[in-house]
Amino acid sequence: MGNFAANEGLSIFVILVWLGINAFLFVWFYNAFLIDRFYYTRVILGHALSWARASAACLNFNCMLILLPVCRNLLSFLRGSIQCCSRTAARQLDRNITFHKLVAYMIAFHTAVHIIAHLFNFERFMDAQLEANTSTLTHVLSVIGNRKNESFLNPIRSNETSQTIVMFTTVAGLTGVVITLALILIITSSMEVIRRSYFEVFWFTHHLFIVFFIGLVLHGIGRIVRGQTHENVEHHKPLKCHSRFEEWGRIAECPEPEFAGNSPMTWKWVVGPVFLYLCERIVRFYRSQQKVVITKVVMHPSKTLELQMKKKGFKMEVGQYIFMQCPSISQLEWHPFTLTSAPEEGHFSVHIRIVGDWTQALYSACGGDKTEGQEAWELPRMAVDGPFGTASEDVFRYEVVMLVGAGIGVTPFASILKSVWYKHVQQNTNVFTKKIYFYWLCPETQAFEWFADLLQSLERQMTEKNMSDFLSYNIYLTRWKDTEAAHFRVHHEAENDPITGLKQKTLYGKPNWDSEFNTIATSHPGCKVGVFLCGPPLLANALAKQCLTQSQAGAEFIFNKENF
């Protein structure tokens, strides 16, 4: 229970508060349209009016929130400000993309409710206008406004039109169609399969949020939802006068009802977050114009490109990431990459696995497909935004640390392990961390090569300083060929591992996480152990489950995952 509270307690509290606010807003605005002022509107529309307005209020609230989790500079500032006070609170900011998705799902849900309610509303407005019996209240309410300078209640002003025509000839109808189409495209292109395989599709369609917000603000300008004016409802009491509609205007207690639309409210909800997001984009643009110099290009095996760069005023912490743009490839696309350099180094670097069109184009631009070297002036110009904070920043705030990387997901831990190496070379005694357990799961032998040099340096350094116990590393090869297996068997007795060149031998298959967590918990009773992962969702689920259920010897495992 203690592990669950430490890992998920605050997240669940935040989600419950968010759901509670949504429920409160829905109920409040539902009841707000059951008052006398909207009595005559309900005569025509029924309770579909309240359903439409309650869902609209929830839409406003969630549209206010949707931009905040993607304000990277704001989150980095907040993370740096609060992590000194509360590590648990800072960890919630690392789940910004998860919250962004939840808010998006809520927007989609309330959009569906809003659309369905208004479909009923338009149908009933049309039916009231086509009412053949002229002696009914609905018909009388619909024809109010036919005289010059007279206010109206029913926005459909003619019985010779249709709901479709109204939908495309009114501000509310047209903007509603536009923002619904934009929302459908944004959500469908955000599906995992599309985002992973066709990142450009995801990137460009996501920028339809600009169209979405413009349409959202304009949507209420038409004031299609109308009710009695506040002044008129004081003189014309609908509960008394609704049955005497034939005498309206002829008796003092029931003058002609006057109607007006509600003032647009959406802009009041979104103006603050939109302003913050505009500031965010200005900061990003300013950073993108700063000069970046590529000092070294390394082509590693398994089509992994290493770029070492310098930028004036660039300061980083371990485990942070940057966004990169190559204008010669695309003026609009920015891609996130974890920094693999340490803060102590005089440059910053990234390792890029070549898996898509953009990375392949960058690989070619840097001379990756050429046999001869490339001159510095031939290298492409790069723009860099960042660095931005991640969960890995907190690694040195734990006494015991588990680092788990899968494939190229080892990159944030390259920065951490390099920093460890520099700290011990410089004899920095202020390192709070006393023990690091490092796990790397990789499907192919070539992927080990670019990282093996760092591990070999660390191994030698720790041995020379009699600190072999400080870093325990376990490298797993999860797939191999028959020819490779034969080679491994022949060289298994060699002093150094045949794959990595390390004294620690490579393991085959996947870790038994139950055993690993039990061993660590037993070795460090009563400790808080920071578990850091950069890897796929299945591995994340397995480790998160272990962190929640393990309670051996009183150890408390805190799960942290990289999110981009």
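Student: How do the residues of the lining of the second largest pocket divide into nonpolar, polar and charged?
Tutor: This is a predicted model. The second largest pocket has a volume of about 1,100 Å³, and 40 residues line it. By class, its lining divides into 24 nonpolar, 13 polar and three charged.

Student: Which residues of that lining are the closest to the centre of the second largest pocket?
Tutor: Take the 40 lining residues and look towards the centre of the pocket. The closest to it are Arg-53, Ala-56, His-114, His-118 and His-219.

Student: Which helix supplies the largest share of the lining of the second largest pocket?
Tutor: Several helices supply at least two residues each: helix H1 (2–32), H3, H6, helix H9 (171–188), helix H12 (209–218) and H15. The largest share is eight residues. That share comes from H9.

Student: How many cavities of 30 Å³ or more does the structure hold, and what volume has the largest cavity?
Tutor: The structure holds one cavity of 30 Å³ or more. The volume of the largest cavity is about 70 Å³.

Student: Which residues line the largest cavity?
Tutor: By class, the lining has seven nonpolar, three polar and one charged residues. Arg counts as charged, and Arg-226 is in the lining. The full set is Thr-41, Leu-45, Leu-49, His-118, Asn-121, Phe-122, Phe-125, Pro-155, Ile-224, Val-225 and Arg-226.

Student: Where does the largest share of the lining of the largest cavity come from?
Tutor: Two helices each supply at least two residues of this lining: helix H2 (39–45) and helix H6 (96–129). The largest share is four residues. Its source is H6.

Student: Are H3 and H15 roughly parallel or roughly antiparallel to each other?
Tutor: Two packed helices are described by the angle between their axes and the distance between the axes. Helix H3 (residues 48–66) and helix H15 (residues 266–288) pack at about 10 degrees, with axes 8 Å apart. Angles under 35 degrees count as roughly parallel. H3 and H15 are therefore roughly parallel.

Student: Which residues make the contact of H3 with H15?
Tutor: By class, this contact has six nonpolar, two polar and no charged residues. H3 brings Asn-60, Phe-61, Cys-63 and Met-64. H15 brings Thr-266, Trp-269, Val-270 and Pro-273.

Student: Which strands stand at the edges of the open sheet S3-S4-S7?
Tutor: This sheet has three strands with antiparallel pairing. Its neighbouring strands are turned by 20 degrees against each other on average, direction ignored. Each edge strand has a single partner strand, so one side of each is left without a neighbour in the sheet. The edge strands are strand S3 (292–300) and strand S7 (348–353).

Student: How many bridges join S4 to S7, and which residue stands opposite Glu-306?
Tutor: Strand S4 (residues 304–311) and S7 run antiparallel, joined by six bridges. Opposite Glu-306, in S7, stands His-351.

Student: Which are the edge strands of the sheet in the order S6-S5-S8?
Tutor: This open sheet has three strands with antiparallel pairing. Neighbouring strands are turned by 30 degrees against each other on average, direction ignored. An edge strand here pairs on one side only. The edge strands are strand S6 (335–338) and strand S8 (383–388).

Student: Over how many bridges do S5 and S8 pair, and which residue stands opposite Gln-325?
Tutor: Strand S5 (residues 321–325) and S8 pair in the antiparallel sense over four bridges. Opposite Gln-325, in S8, stands Ala-383.

Student: Is the peptide bond from Gly-386 to Pro-387 cis or trans?
Tutor: Pro-387 has its place in strand S8. Omega for the bond from Gly-386 to Pro-387 is near 10 degrees. The peptide bond is cis.

How values were computed: Residues numbered from 1 in each chain as written. Predicted model: local features only at pLDDT ≥ 70, side-chain atom pairs only at ≥ 80, totals over all residues. Heavy atoms only, no water. 1 Å grid on protein atoms, 1.4 Å probe; cavity = no way out; pocket = protein on both sides within 12 Å on 5 of 7 lines; lining within 4 Å. Points joined across faces, edges and corners; volume = space filled by probe spheres on them. Axes fitted to C-alpha atoms, helices over the stretch in contact; angles between N-to-C directions. Parallel < 35°, antiparallel > 145°, perpendicular 65-115°, else oblique. Contact = heavy atoms within 4.5 Å. Pairing = 2+ DSSP bridges.
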